[in-house]
Amino acid sequence: MADVKLTHVKKIYSNKIEVLHDINLDIKKGEFIVFVGPSGCGKSTLLRMISGLEEISGGTLEIDGKMMNNIPPALRGIAMVFQSYALYPHMSVYDNMAFSLQIAKNSKQDVDLQVRKAAEMLQLTPYLNRLPKALSGGQRQRVAIGRAIVRRPKVFLFDEPLSNLDAALRVATRMEIANLKESMPESTMIYVTHDQVEAMTLADRIVLLSEGNVEQVGSPLALYEHPANVFVAKFIGSPAMNIVPCHIDQAGEITRVSLSSAETVDVPILTDASEQGKAAFFGIRPEDLGLVDSQEQGFVSGEVAFVESLGEATLLHLKVKGCQEMVIAKQAGTLKIQRGDLVHLSAAPEKMHLFNQNEQSYRRVS
Ligand code: ADP
């Protein structure tokens with residue numbers, strides 16, 4: 001089990017376009033790290049560079065303190081699980097899992113022990129004699145994971161392993177992977193996904209990427225509660241955080257801002273006097289907005305443009321005066337509110353966010 005360290009790593013493909021810029025990451029032994037970000041941000045490229053399937057154009061990759069840039073994939077002590085499973089169709093589940101160990105000339109007993117142990121962990125024991133075509137997508141992906149486990153790698157790499165599964169199987173297999181993490185606490189795991197729910201539920205730490213840059217590294221809760229910038233704020237959480245342009249009227253330990261709707265809000269976030277008068281962005285999550293009875297009790301009012309009933313919750317899409325984009329409020333349960341109603345909203349001050357005109361977060365007063 002190993003530490004993985006990336007220092008000033010970049011990637012330039014043959015078309016000369018730099019797709020990853022100066023990536024610095026220190027992944028600790030036993031951590032479950034998730035690379036997440038929108039399609040094309042470079043997360044698969046980064047994973048493939050760690051695996052050795054893709055050349056590193058600049059910077060260094062170390063695994064357990066050893067420079068790995070020019071070490072072939074097979075000698076890096078890693079195992080990779082792909083989106084497409086990549087199973088051998090003519091081999092049984094047992095043989096699929098045993099194959100790499102047999103090639104490496106492990107004893108028959110050792111192969112058998114490792115395969116049965118992995119099968120047990122992944123609840124595949126009843127299927128050991130089946131061919132992959134006689135398995136569900138989720139079971140096939142578990143075989144692919146089993147094949148990685150038996151090799152006892154220092155580092156597991158997962159490249160969008162759930163994206164070929166339907167919604168129900170995705171949730172079930174996600175649980176399997178979470179269990180796997182629990183039963184192999186020493187293993188370092190790096191997992192790529194574009195799905196923020198997978199990132200939030202699986203990661204010890206998330207690395208959020210955008211256009212080849214790391215936007216923020218931190219625990220799921222840290223990214224949710226203290227997003228470093230507007231990009232992170234909008235990417236983590238669903239529906240996305242409401243971001244409303246505002247002006248800083250009064251800087252200080254409590255910053256007074258006027259929203260584009262002309263209403264003012266006191267936000268318990270520290271701003272420097274030099275920020276006074278500047279444009280900024282006020283942020284509030286849909287689930288942190290509450291309905292109140294009157295305008296005086298709230299800080300903003302809006303007309304309901306449409307109502308989405310999800311059963312356990314209701315999403316209110318609101319037209320707020322002066323705001324270009326709709327503001328979304330998420331309320332528990334079902335509500336007797338209709339299109340055209342005027343509603344008033346409040347929020348706990350500690351749930352409010354404030355970003356400067358470059359979309360970077362101001363420091364929160366704790
Ligand atoms: P992600 O996994 O986040 O969707 P990728 O790592 O696949 O992103 O791609 C990052 C960027 O690199 C994209 O702009 C993509 O078009 C580009 N890219 C990926 N593979 C190649 C390649 N073989 N040659 C040139 N550009 C590539």
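The protein splits into two pieces in its domain assignment: domain 1 covers residues 4–234, and domain 2 picks up at 235 and runs to 355. Keep in mind that this is a predicted model. The C-alpha centres of the two domains sit 38 Å apart, and the contact between them draws on 18 residues from domain 1 and 12 residues from domain 2.

How much area do domain 1 and domain 2 bury between them? The figure comes to about 1300 Å², with 65% of it on carbon and sulfur atoms. On the domain 1 side, three residues stand out: Gln196, Tyr224 and Lys234 lose the most area to domain 2, and together they make up 48% of what that side buries.

As for the polar side of things, the tally of salt bridges between domain 1 and domain 2 is 0. Polar contacts do turn up, though, with 6 residue pairs counted between the two domains, both partners being at pLDDT 80 or more.

Which elements of domain 1 supply the residues that touch domain 2? Helix H6 (196–202), strand S9 (205–210), helix H7 (220–225) and helix H8 (230–235) each chip in with at least two residues. Of these, H8 gives the most to that side, with 5 residues. Sorted by class, the side of domain 1 that touches domain 2 has 12 nonpolar residues, along with 4 polar and 2 charged ones.

Put together, the picture is of a contact with 65% of its buried area on carbon and sulfur atoms, 6 residue pairs in polar contact and 0 salt bridges.

Methods:
Residues numbered from 1 in each chain as written. Predicted model: local features only at pLDDT ≥ 70, side-chain atom pairs only at ≥ 80, totals over all residues. Heavy atoms only, no water. Domains from an automatic or database assignment. Contact = heavy atoms within 4.5 Å. Buried area = accessible area lost by both parts, 1.4 Å probe. Salt bridge = Lys/Arg side-chain N within 4 Å of Asp/Glu carboxyl O. Polar contact = N/O pair within 3.5 Å; in protein donor to acceptor, adjacent residues only side chain to side chain. Helix = DSSP H or I, 4+ residues; strand = E, 2+ residues; numbered from the N terminus. Nonpolar A, V, L, I, M, F, W, Y, C, P; charged D, E, K, R; others polar.
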